[in-house]
Amino acid sequence: MADGACGLDLLPSVLLATIMTKLDVASICSLGATCNTLRSCALHIRSLYIGSVAEKRGRAIHVSDLEELLSGCNELETQLTRNFGPPFALKSDIRSFALTSSSSQSEDRMKGSHKVLRWVAAWKVEQINQHGKLKHLLLVRSQEFLVSYFRRVNDLDILLMADRCSSMESICLGGFCRVTDTGFRAILHSSSSLCKLKVSHGAKLTDLLFLDNSATSLSLSHVTLRWCYCLSNLAISHLASKMDLAFLDLRDCRSLGDEALMAIGALPKLKTLLLDGCDVSDVGMSYLKNAVTSTLISLSVRGCKRLTDKCIMALFGSSAKVVLQELDLSSLPYLSDNGVLLLAKSHVDDEMWHGNGLRVLDLYNCGRITALAFRWLKRPYFPRLRWLGVARSVNRDLVDALARSRPYLRG
């Protein structure tokens, strides 16, 4: 073992610690007990994803192992837990905490899964951040396979946690179906350093949350409000009027329409905008024209059922200067071959390259696109395109021919 230790001494401790983070908790504890070198590396782990290997191998995570590991890692900054309960020995110097709980479990693990879910449900949110030094917080109940929520967490729990959120820089909350505007507002008003806010499946989140933005000193740059069905155009108008947003995700907020786009189009620093499933029209797209020609890098309107070919002209018109690089037009039932033609002809630079700005273009599952549109996807059109999404069922031979003619194109 001495020879092995000498060999390990030649490797950087950072490399050894990184390797150890890929192991499950029990293996890290066992490995740290073999020699002083590995023990030192285990104690210097700065980031840990609990359960990654345990999930793949079907191994259980034992509480005693977790307590032993957390109590020894003095430099642990990021703790990620998946399908697991609270950190029993959450140390005062941890800066980031994340928990995602999923309802997707294989049948042979269901018994253990129910125990974990009861554990998480009984866990009190206010136990997080007892020292008030957390900077990044992620608490999400996954909705990928089954609809699931943190049903026992209410406004009172959030209010108790918000008292210690003054140092928070990013907060992500998903699946808190009983938390209302009161709870979310408490977080916003308490987190003066907050830059990134993400809320998903906020069933009781309404416009009231953003009506008094002027009462806070917040300067949010990234905002995600996904599956928040009670939000209307009024909320987005107030949010956009008070914040210099660079990233805005409003996917599946089905009540948002053209009025919201009017306010969003005035944001001077917006780089990414995600509008999947929103109730926007071709007219609303015209409000984004200035952003497309100045700051907007990525735009997604996937599944916006009201959009037609006219949205291309509304976005780009005859402008030659376009900074947009990523465009998702997938699942638009009324987008046709003519829309692809308009898109190809709408971007022209000084060297007469058509569609030169786009690097990512998604046209998957667009109801009226046929094989005819593929002529506009060949060179010299879209010369910088690196990723293209199309339905192979349109014409497999055409797709294969396009792939051969553009070897750098992925999809």
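Buried means under 20% relative accessible area, exposed means over 50%, and partly exposed covers what lies in between. Keep that handy for the exercises below, and remember that this is a predicted model.

**Exercise 1. Work out whether Glu169 is buried, partly exposed or exposed, then look at its salt bridge.**

Step 1: Glu169 has a relative accessible area of 31%. That value falls between the cut-offs of 20% and 50%, so Glu169 is partly exposed.

Step 2: Now find the partner. The side chain of Glu169 meets that of Lys135 in a salt bridge, at 3.8 Å from N to O.

Step 3: Place both ends. Glu169 sits in the loop between α8 (155–162) and β5 (170–174), while Lys135 sits in the loop between α7 (110–122) and β4 (136–141), so the pair ties together parts that are 34 residues apart in sequence.

Step 4: Check Lys135 too. With a relative accessible area of 30%, Lys135 is partly exposed.

**Exercise 2. Find the salt-bridge partner of Asp252 and classify both residues.**

Step 1: Asp252 pairs up with Arg226, and their closest N and O atoms are 3.5 Å apart.

Step 2: Asp252 is in the loop between β8 (247–249) and α11 (258–264) and Arg226 is in strand β7, so this bridge links parts 26 residues apart in sequence.

Step 3: Asp252 has 16% relative accessibility, so it counts as buried. Arg226, at 22%, counts as partly exposed.

Step 4: For the wider picture, the structure holds six salt bridges. Among them is the one between Asp249 and Arg251, at 2.7 Å from N to O. Asp249 is buried, with a relative accessible area of 2%. Arg302, Asp328 and Asp362 are joined into one network by salt bridges that share partners.

**Exercise 3. Decide what kind of aromatic pair Trp376 and Tyr381 make.**

Step 1: Count first. There are two aromatic pairs here.

Step 2: The ring centres of Trp376 and Tyr381 are 5.4 Å apart and the planes stand at 75 degrees, so the pair is edge-to-face. The cut-off for that label is over 60 degrees.

Step 3: Trp376 is buried, at 17% relative accessible area, and Tyr381 also counts as buried, at 17%.

**Exercise 4. Say which residues form a positive surface patch, and place Arg359.**

Step 1: The patch is made of Arg359, Arg379, Arg384 and Arg386.

Step 2: Arg359 lies in the loop between α15 (337–346) and β12 (360–362).

Step 3: At 37% relative accessibility, Arg359 counts as partly exposed.

Key:
Residues numbered from 1 in each chain as written. Predicted model: local features only at pLDDT ≥ 70, side-chain atom pairs only at ≥ 80, totals over all residues. Heavy atoms only, no water. Patch = residues over 30% accessible without salt bridge, like charges linked within 9 Å, V, L, I, M, F, W, Y side chains within 5 Å. Areas by Shrake-Rupley, 256 points an atom, 1.4 Å probe, with all protein chains shown as cover. Salt bridge = Lys/Arg side-chain N within 4 Å of Asp/Glu carboxyl O. Lys, Arg positive; Asp, Glu negative; His and termini not counted. Charge placed at Lys NZ, Arg CZ, Asp CG, Glu CD. Helix = DSSP H or I, 4+ residues; strand = E, 2+ residues; numbered from the N terminus. Buried < 20%, exposed > 50% of the residue type's maximum accessible area, 1.4 Å probe, protein only. Phe/Tyr/Trp six-rings, centres within 6.5 Å; stacked < 30°, edge-to-face > 60°.
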